[in-house]
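Let's take a relaxed walk through this one. Keep the structure open in your viewer as you read.

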Amino acid sequence: MWFKNLRIYLLQQPFNLSQEALAAKLEGKRFQACGSHDLIGTGWDAPLGRQSEVLVHEVGGCQMICARQEDKLLPAAVVNEIVEEKLDQIQQEEGRKVARRERSELRDEVFHQLLPKAFSRYTRQFAMIDKQQGWILVDAASANKAEALISLLRESLGSLPVKPLEVATSPPYVMTEWLKRPDQFGDFTLLDSCELQDRSEEGSVLRCKGQDLTADEILAHIEAGKEVVKLAVEWDQHMSFVIDADMSIKRLKFLDLIQEQAADYQIESEADAFDGRFTLMSLEFRRFLPRLFEIFGGTVQSEA
């Protein structure tokens with residue numbers, strides 16, 4: 001349940017729904033398995049999985065929610081093979097070529113015939129709503145996946161005044177200056193990977209891994225006009241991650257200090273383990289994110 005990525009959204013109004021009230025709102029879009037002819041199914045699932053049917057798990061003013069998606073897997077190669085067999089049969093039996101429109105209709109027919117037999121792939125995506133801090137954190141590597149969860153939440157609630165995190169100072173500028181003066185943020189440590197991009201519209205990209213980021217060769221690329229668009233750092237010996245130019249966090253890892261604290265919790269069930277991890281993670285985010293926002297000049301507030 002440890003988050004591996006962060007897409008950060010800022011609530012524009014106080015979020016006052018209790019655990020029970022939010023669960024009731026989500027119930028209308030609880031996950032249901034795909035019908036025989038459905039390609040995708042999405043809905044809310046219990047964060048604790050089989051341990052509980054409750055759609056919202058709350059600890060200390062933080063609410064964990066989970067979206068579940070079912071995707072039917074029907075490889076195009078399988079469909080195409082059957083279509084080709086049917087086309088050959090038509091040509092042999094009727095002695096004619098099949099027009100493009102008829103071919104397209106035949107493909108659609110085959111697709112829908114095979115769909116009920118397709119395998120399903122299930123994925124779960126977590127998000128946490130921190131009512132105290134006024135943010136929603138989505139564990140998603142891509143903006144599209146995060147937006148899909150936020151859209152589902154908005155549909156469930158009727159409205160959701162929220163916007164993606166925006167900071168006052170350009171992230172590439174801050175990260176580029178960070179490489180020039182690596183010790184300027186004492187609680188952050190540069191790691192060994194980054195991505196640099198030329199400022200021009202079709203600029204070249206340089207990806208560095210296992211590299212001393214303070215080396216002269218890296219600084220030479222910056223002097224030549226490249227800026228940092230991804231940067232791997234460690235914070236306070238508690239977590240490591242990569243900051244992206246859009247202020248998303250990727251490859252997030254909670255380090256030994258946090259894992260040891262999690263191991264100290266008295267665990268009698270999987271629910272206890274979930275509670276312990278959730279509590280630690282939410283507390284760390286409450287310490288970490290304000291500090292991160294500060295480095296980038298603070299958050300940009302919505303217009304009145």
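In what order do the five strands of the open sheet come? This is a predicted model, and in it the order reads S9-S8-S10-S11-S12, with antiparallel pairing. Strand S9 (205–209) and strand S12 (249–254) sit at the edges, each pairing on one side only. Going from one strand to the next, the twist averages 15°.

Here is how two of the strand pairs look, both of them antiparallel.

| Strand pair | Bridges | Residues standing opposite each other |
|---|---|---|
| S8 (residues 188–198) and S9 | five bridges | serine 193 and lysine 209 |
| S11 and S12 | four bridges | isoleucine 243 and isoleucine 249 |

The second pair in the table is also a hairpin: S11 and S12 have four residues between them. Have a look at methionine 247 there, which takes a positive phi near 70°.

The sheet has a helix for company, too. Helix H5 (residues 171–180) lies across S8, strand S10 (226–235) and strand S11 (239–244). Relative to S10, helix H5 runs at about 70°.

Now for the pockets. The largest pocket has a volume of about 490 Å³. It is lined by 21 residues, and those closest to its centre are Thr123, Arg124, Gln125, Asp139 and Lys145. Which elements give two or more residues to that lining? They are strand S4 (62–73), strand S5 (119–130) and helix H4 (143–157). Strand S5 gives the most, with five residues. Sorted by class, the lining of the largest pocket comes out as nine nonpolar, five polar and seven charged residues.

Strand S5 turns up again when you go through the aromatic side chains. The structure holds eleven aromatic pairs, and one of them is formed by phenylalanine 31 and tyrosine 122. How do those two rings meet, in terms of distance and angle? They are edge-to-face, at 6.3 Å centre to centre and with 80° between the planes. This pair links distant parts of the chain, since its two residues are 91 residues apart. Phenylalanine 31 is in the loop between helix H1 (19–27) and strand S2 (40–45), while tyrosine 122 belongs to strand S5.

So strand S5 is a handy place to pause in the viewer: it holds tyrosine 122 of that edge-to-face pair, and it also gives five residues to the lining of the largest pocket.

How values were computed:
Residues numbered from 1 in each chain as written. Heavy atoms only, no water. Pairing = 2+ DSSP bridges. Axes fitted to C-alpha atoms, helices over the stretch in contact; angles between N-to-C directions. Contact = heavy atoms within 4.5 Å. 1 Å grid on protein atoms, 1.4 Å probe; cavity = no way out; pocket = protein on both sides within 12 Å on 5 of 7 lines; lining within 4 Å. Points joined across faces, edges and corners; volume = space filled by probe spheres on them. Nonpolar A, V, L, I, M, F, W, Y, C, P; charged D, E, K, R; others polar. Phe/Tyr/Trp six-rings, centres within 6.5 Å; stacked < 30°, edge-to-face > 60°.
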